[in-house]
Amino acid sequence: MNVLLKDEELKSTEFTENNIKVCVEDFNFYYDTVQALKEINLKIRENTVVGIIGPSGCGKSTFLRCFNRMNDTISNIRYEGNIAIDGNNIFDKDLDVVDLRKNVGMVFQKSNPFPKSIFENVAYGLKINGIKDKGFITERVEKSLKDSALWEEVKDRLHKSAFALSGGQQQRLCIARALAIEPEVLLLDEPASALDPIATAKIEELIHELKKKYTIVIVTHNMQQAARVSDYTAFFMLGELIEFDVTNKIFTNPSNKITEDYVTGRFG
Amino acid sequence: MEQFIGFMFLRICIVLVLLALAIILFDIFKKGSATINWEFLSAMPRKGMTEGGIFPAIIGTFFVTIITALLSIPLGMGCAIYLNEYAKKGKLTRLIRMSIRNLSGVPSIVYGLFGVVLFVQMFQLDTSILSAGLTLGLMTLPWTITASEEALKNVPQSYRDGSLALGATKWQSIRTNVLPHAIPGMLTGAILGLSRAAGETAPILFTGAAFYLPFLPKSFSDQFMALPYHLYIMSTQHHAIEKVRPIAYGTALVLIVLIFCMNLVAIITRYKLRKVRME
């Protein structure tokens, strides 16, 4: 069972040397002695959306948190293999993880606005990066909020607490906060799992817009959502990448029997 | 029925505790308030402490508490930040944390003797406000560290993750996104620790508190009188205990009010800081 894209598929989906944004090679990940990810190989094209699906505990969130090395905050973890973004290994010793995280934004499953005003939330990333120019910050905050489709709803109360926003608005605020520092890759960890259908639809619409500028990796529990928003879909199970292909193919004509059983709802 | 018995039991517990507290407070208030007047608070003790006031003891306690605060608050908060945010979670950290918890249970007289050896003799600070304050500071440290760590633990992990994911360094994340939410709790713990230190007798017994000094300390290297020690002498060591009983009650009342005020400050600080944050 080979999880790499075959050459002809690469061609048919227009993978070229120049448009590969992220490249994962023989990647293994361990929590202490438990192996959470096994021999993952995967390539992600620039300006596409990759959906990661799989049953709970299959390692999809762990995988996502590797791209910005958020797993570094956990003790006793270990990894083998490479993940390269734009050809640069993110585990390189000379690489500053702070720079990596500026380049790879992340939105968490549970919206986590800081207990500050809406404006301060979005400006946070700029301020910690030492930007002091008020005009620039104001401009960037506005742009980020527009990009995350939140501007119209909050423009009159930018200096009110972010906690006063609804769940869906808070999640879009978190997206705006990530966009403000202009990353190239955006990681979304089940961004809509706690939201109602209308708020979810807004987030999905947003993802469609955002992929023009960003490369997006989204973990989702919801297969319809993966089918709707992603260009490529990766199916994980028990720490293994079972199948990775164009979304349409995964959902209509998967090559692997397990994938088929999962996407048709026979287990999971 | 079972629930009724359970609730009754819990109710009796709380009534018993409050009753005991109320009786003590009432007794001290009743007997102490007769002694309290402006002279008692502002005058020097006279005639072998059988007359006059307790002013030097109030001042002494005040300055000792300042030294205690200067040592225990910054050091305690620093330790707590390191332990909770930076230290790797392993056997060593667990051991250190356990030792700190145990230190807060060490009898205060042991700190007193330790203070004599370390500050009075080794550092040659003599029996002074400084020695006593530092000894009390050491005694309060485990308390401050534990309280500060609890406050840090109460800050949701998502605040840290959120800022780290935006490219904040660990320190930036702690400074801008963790400390603002932990400071109220940290301060509350620190002030409660101080109020406990202010009421301690044993640690200052050998390190600087004086039996009878009818004048004020001129510097931090002078001996001093302190409220709790004064109270101890008035109730057990004085040559005319029955005669000075009212002064002892008055001193007790002043000490209790002082500590109550400190706790009040702790509560108000926490409330104010919390309110600012929620807006």
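User: What makes chain A of this predicted model a confident one or not, in terms of mean pLDDT?
Analyst: In this predicted model, chain A has a mean pLDDT of 87, and 93% of its residues reach 70 or more. Residues 1–12 of chain A stay under 50. The model has 13 contacts beyond four places in sequence for that stretch. Where pLDDT is low, predicted coordinates should not be read in detail.

User: Why is A:Arg69 called partly exposed?
Analyst: A:Arg69 has 19 C-beta neighbours inside 10 Å. Burial takes 20 or more and exposure 12 or fewer, so A:Arg69 counts as partly exposed. A:Arg69 sits in the loop between helix H2 (60–67) and strand E4 (77–85) of chain A, and has a positive phi of about 55° without being a glycine.

User: Why is B:Gln124 called exposed?
Analyst: The cut-off for exposed is 12 or fewer neighbours; B:Gln124 has 8 C-beta neighbours inside 10 Å and therefore counts as exposed. B:Gln124 belongs to the loop between helix H5 (108–122) and helix H6 (129–153) of chain B. Its phi is also positive, near 50°, in a residue other than glycine.

User: How do you know that helix H8 (residues 170–198) of chain B is not straight?
Analyst: A straight helix of 29 residues would reach 42 Å at 1.5 Å a residue, but the end C-alpha atoms of helix H8 of chain B are only 36 Å apart. H8(B) bends by about 55° at B:Leu179, and B:Pro180 follows within four residues.

User: How many residues of chain A are in contact with chain B?
Analyst: 21 residues of chain A are in contact with 18 of chain B. By class, this side of chain A has 10 nonpolar, seven polar and four charged residues.

Terms used
Residues numbered from 1 in each chain as written. Chains lettered and ligands numbered in written order. Predicted model: local features only at pLDDT ≥ 70, side-chain atom pairs only at ≥ 80, totals over all residues. Contact = placed C-beta atoms within 7 Å. Nonpolar A, V, L, I, M, F, W, Y, C, P; charged D, E, K, R; others polar. pLDDT = per-residue confidence, 0-100. Helix = DSSP H or I, 4+ residues; strand = E, 2+ residues; numbered from the N terminus. Expected span 1.5 Å × (residues − 1). Bend = angle between axes of the 7 residues up to and from the residue.
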